[in-house]
Amino acid sequence: MDLLNFTTQLNKDYRSDCAEFNSDSPWFAHFTLMANEQPISFKIGNTRHHALRIIDWRHPMSKGFYDAQPGDYFDLDDYQTSRVKAERYAPIAGNILQHTMVVNNGRAIRQATIKTAQATHIVEADGQQFVLLSETSTRFGAVDGLPDIRALLTKEQYQLITTSNLQPVIIQGQAGSGKTTVALYRVSWLMYKDSEHIPVDPKKVLIVMFNKALQSYVANTLEPLGLESANLFTFHAWALEEVKNAYNGKIEIYIDKIDGANIASGIKKQIGILKAMDEFVQNQTDRLCQWVEQKLQPYNASDWVEQLRNSNQPIVQRLISLRIKALTERNKASGKEQDRLRQIHILFSKAVTRMTLYKEELLNFISSTELLKKHLPNVPEQDLDTLARYQKTLQNIDSSERRSGPYVAFEDLALILRLIQLKNGGLLDKIQDDTVNLYDHLVIDEAQDFGALEMTVLLASVRTRSGVTIVGDTNQKIIPDAAFMGWDMLAEQLGIEGAKVSNLEVSHRSTKPIMDLASSIINDPPSQGRTGVKPKLIITANQQDKIESLLTCLNDFVKDTPNAHICIVCRNLRDTSPLMEILKDKDVAAPIRIGHNKNFDFSAGITVTNLRQIKGLEFDAVILLDPSEENYPNDSQAKKYLYTAITRARDNLVMIGDSEPSSLLSSAIENSLLEVNNQLKVVPIEFTDEEDEPL
């Protein structure tokens, strides 16, 4: 195969297709199939164009690129149903000759990676011609731009993306293994109109991210996938919006401290709270039925009571149905019968109101100490008393004689939503309270940091349990009090035969030296990955030297890779602003900014942020400040913090501190996984008077 002539012809086709599409990127990959002794070329892009042999990356024919390797025999019939096969005129089958992924520069190919059965080659533009690079490990960042991520999907990732829409997808994946990419591209695949499944409407897709920074990062990727109209939220932002949609009253989040807040928050996140709420709603339903029966006694309405008790609808929707029925029959009746039905309608309207005072019910639920004691047997009774006092104090702020105040805590949103779901069977619009809303598909990213209550609320918001894609990594769990239910229990909770947890074990983000260091923190075996430089550990003698070392690293990074995004990671939020004050007056050859929540800039430059903010993000270089024992003690949670911070780095990682490093790094230091520059002075040895005596 003449690689240079092949690439030259491919470039001519690319330029021509750009003009035809009026686009700089009509396709991003190419493969050749030898069928009936004739080579057939297929280009893979975002949109199908039959005449130009461009196929949508979601079409089964694209599996010739994703599922097969050069040298393999590929038969399209293996991937299609008999109905689809019958619609074609001739079979498509043969040996795969080559795979190519391209990097464009405007409307021309800048670099092509060509894989044959024998080897992988990189061809790069050099002026008006192409040259063959001798080093096939050349990093894509060495050219202007990167390959379309769809060209980089592995066979394993693509198979998860194209999993049957009748099965949920649950992925436990190593840092940088492409979990979030798989989740988002799966939704894009489910939207594909030419597929054999009913396409998903992106407006009925809920994507839940761990924090606002990650939400902002992901938002920039949605439009190319056709997902710009999907519902992208953090959990608390989504929950607050849904609660306000359903609750007919004022509700606000209280952010100031109240005594007992930490104890209350921990109890509310325990898995036993779910069973307690189930029983609370059932007890409330029983009392309501008794109350309705008593109120209807003067109106000869035993049949209405029977319908109330025997209906299978959730209780509020049951009441709304009877309210509508009473109104309809009242409007048809006359005289005394109309008056009787009017009273029945009034009663059911009142019953709906009483059963939808969700914020007030929350206070009653939290104050039900005996009920909570039953379902939370491991919680000390004094802590349950603290919980009740805390909730009463919180909801009494700005309260009236008859109603609690407007305030709840962040963690109360999941509890209120669960009340709404138990009583209605879904999410509500207070203006149309007889309409229950459910999503067609749900994506949960960083699932390990969602508690059992939050996870249950999210799973109850989707129409079917098969319409779920959940990804995460327990090694990156940074919210210790969120009681994650575990992957096996999550699969069981989905309640679908065949639901299983898939694993993505190869990191495509970080270099092998970075991943080897990360693996040593969590006692995992060495990882696979691309080559790269060894991470560094710099231990300075004092604060001033630490800042000087930081500045040297920053300027070196900017000089070597001027378009890089460099992240300085502090352990705590309180450390970011003082550091920013120091750096803004220093001579650094790149813009410096603080990254926090939605105010996170992902362009080239330097971002100062804290550990909590970087979850799910990635950077060309990471500088981790103060990897000390104080910040990262030798315990299971600190291991996850340190692992998460390390695996944000794609190519370069430097740790800088002015005290002895955490003992979590001891193994890495002993095994030379870190290049160590220890500037601490050697402490002079001292002897006591006793040590002057003979032994």
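Entry 1, confidence. I started with residues 136-145, where pLDDT (the predictor's confidence in each residue, from 0 to 100) stays under 50, and the model has 25 contacts beyond four places in sequence for them; contact means heavy atoms within 4.5 Å. This is a predicted model, in which local features need pLDDT of at least 70 and side-chain atom pairs count only at pLDDT 80 or more, while totals for chains, interfaces and linings use all residues. Residues are numbered from 1 along each chain as its sequence is written, and side-chain values use heavy atoms, with hydrogens and water left out. For the protein chain I noted a mean pLDDT of 88, with 93% of residues at 70 or more. Residues 82-89 have pLDDT below 50, and this stretch has seven contacts beyond near neighbours in sequence. Where pLDDT is low, the predicted coordinates should not be read in detail.

Entry 2, cores. I looked up the largest nonpolar core (buried Ala, Val, Leu, Ile, Met, Phe, Trp, Tyr and Cys residues joined through side-chain atoms within 4.5 Å). This core has 82 residues, and Trp 238 and Phe 365 have the most contacts inside it. Helix α9 (residues 272-296) gives the most to this core, 11 residues; helices are DSSP runs of H or I of at least four residues, strands runs of E of at least two, numbered from the N terminus. Leaving aside neighbours within four places in sequence, I found Trp 238 in contact with residues including Leu 206, Phe 233, Tyr 439 and Ser 461.

Entry 3, salt bridges. I counted 23 salt bridges in the structure, each a side-chain nitrogen of Lys or Arg within 4 Å of a carboxyl oxygen of Asp or Glu. Glu 361 and Lys 423 form one, 2.6 Å from N to O. Glu 361 is in helix α13 (residues 358-366) and Lys 423 in helix α16 (residues 412-424), so the pair ties together parts 62 residues apart in sequence. Are these two buried or exposed? Glu 361 is buried at 3% relative accessibility, and Lys 423 is buried at 0%; buried means under 20% relative accessible area, exposed over 50%, partly exposed in between (1.4 Å probe, protein chains only). Arg 309 pairs with Glu 293, the closest N and O atoms being 3.0 Å apart. Arg 309 is partly exposed at 40%, and Glu 293 is partly exposed at 35%. I also noted a network of salt bridges linking Arg 509, Glu 618, Asp 620 and Arg 650.
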